[in-house]
Amino acid sequence: DRRLTPANTRVAAEHLRGTVDAPRYAAGEQRMVVEGVVDLLRAPGGARDRQLLMGAGVTVYEDHEGWSFVQTLADGYVGYVAIQTLGQVAEVTHRVDARATHVYSTPDFKSPELVTLSYGAQLSVLRDALGFEPDRPGRFVQTAQGFVPRMHLVPVASRAADPVAEAEKLLGTPYLWGGNSAFGIDCSGLVQGALAACGQSCAGDSDLQEQTLGRTVPLGTAPERGDLLFWKGHVAWVAGPDLLLHANAYSMSVTVEPLREAVARIETQGDGPVTRHARLIEEAFI
C-alpha cells in the first residue's frame, strides 16, 4: 500500500531493505509541521491525500526539488509536503481544543492575528502572559508563534472521554476531500481527529479505519453512541440510537441527521449498504 510504504523511485526507508528494491535507503530525519495546515500529497505537486496540522511529527526520507518525502508519526501515512512547511522538532505541550483559534501578535485580542490554528493543532507553550486587562493575568499564553487564548488549549497529554463529543465540536465545518481541519474535513478526518483527542491512534482513510478500529458487531445490532458505521468509501459516527454524525458530500459539511434516513439515502445514491458496524473498545478512552 503506497499510503503506508515509505518508498519511491529514488529512496526507501532503511527498515525496508531486503523487502523493497530501491537505489538507496535512508534512516530518516525527524521534523515537525510548522504551518497551520499542510497538504500531504500523493506525488510532488499532485493530489491531496490527507492534511497535517501544526505540531505534527514526520520522518523525512528525502528532500528533492522543493518537496520532502515523509511518513507521519501519528498514523504512518506516506506522502509529500513542501519543504518550507517543516521545521526542527520541538516539544509540544498543548493542543487546540476549540474548533479554531488565532495566534495574536500581543496578548490582546485587539492585536493583529498572525495565523489561525485548527482544532487538533499542537504547539509549545513557553510561558503565561498578561491578558489585555491588567487585572486578568493569564488570559493568554505565549508560544513560539505568538500569543494564544488559554481557554482554547488543553495539555497535549490530556485525554477526552467521548469521541462523539469531540467530533461535535466540528459541526458545520465544510466538507473537504482529504481534509483534516476545522477549515475543511472529510469523513475519515472527522473520525481520526476525534479519536486523537481521546488518545487513540487511528488510520487516515476510511478503508484503513474499517480494517483496524474496534470490534465488529452483527449488522442489524441496535446502534449505540460512539459506534462507527462503514460503507465503501465512507464512515460515520453514531451520535445516538437514531442519529448519525458525519462529514459528507451530500450536505457538504459536518452534520447530524436521522440515522435510518441517512443509511437509506447513502445506499440509494450508489454507495451501497453498510459494510461494517464497529463498536470501539471503551477501555481505549480511560
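**Exercise 1.** Identify which residues of the largest nonpolar core touch the most other members, and which elements supply that core.

*Solution.* Of the 27 residues in this core, Leu190, Val191, Leu195, Leu213, Leu228, Trp237 and Leu245 touch the most other members. A nonpolar core is here a set of buried Ala, Val, Leu, Ile, Met, Phe, Trp, Tyr and Cys residues joined through side-chain atoms within 4.5 Å. Two or more residues each come from α1 (163-168), α2 (187-197), β21 (228-231), β22 (234-240) and β23 (243-248). The largest contribution, six residues, is that of α2. Helices (H or I, at least four residues) and strands (E, at least two) are DSSP runs, numbered from the N terminus.

The model is predicted: local features need pLDDT of at least 70, side-chain atom pairs count only at pLDDT 80 or more, and totals for chains, interfaces and linings use all residues. Residues are numbered from 1 along each chain as its sequence is written, and side-chain values use heavy atoms, with hydrogens and water left out.

**Exercise 2.** Determine how β22 is joined to β21 and to β23, and state whether β22 is buried or exposed.

*Solution.* Begin with β21: four bridges join this strand to β22, and the two run antiparallel. Strands pair if DSSP finds at least two bridges between them. Tryptophan 231 stands opposite histidine 234 of β22. The two strands form a hairpin with two residues between them, and glycine 233 in the turn has a positive phi of about 85°.

Next, β23 is antiparallel to β22 and joined to it by three bridges; valine 238 has leucine 244 in β23 as its bridge partner. These strands also form a hairpin, with two residues between them.

Finally, seven of the seven residues of β22 are buried, so the strand is largely enclosed by the rest of the structure. Buried means under 20% relative accessible area, exposed over 50%, and partly exposed in between (1.4 Å probe, protein chains only).

**Exercise 3.** Give the strand order of the open sheet that contains β10, and locate its edges.

*Solution.* The order is β13-β10-β17, with antiparallel pairing. β13 (122-123) and β17 (153-155) each have a single partner strand and stand at the edges, so one side of each lacks a neighbour in the sheet. Two bridges join β10 (residues 94-96) to β13, and histidine 94 stands opposite leucine 123 in β13.

**Exercise 4.** Classify the accessibility of valine 256 and place the residue in its strand.

*Solution.* Valine 256 belongs to β24 (residues 253-258). Its relative accessibility is 38%, so valine 256 counts as partly exposed.
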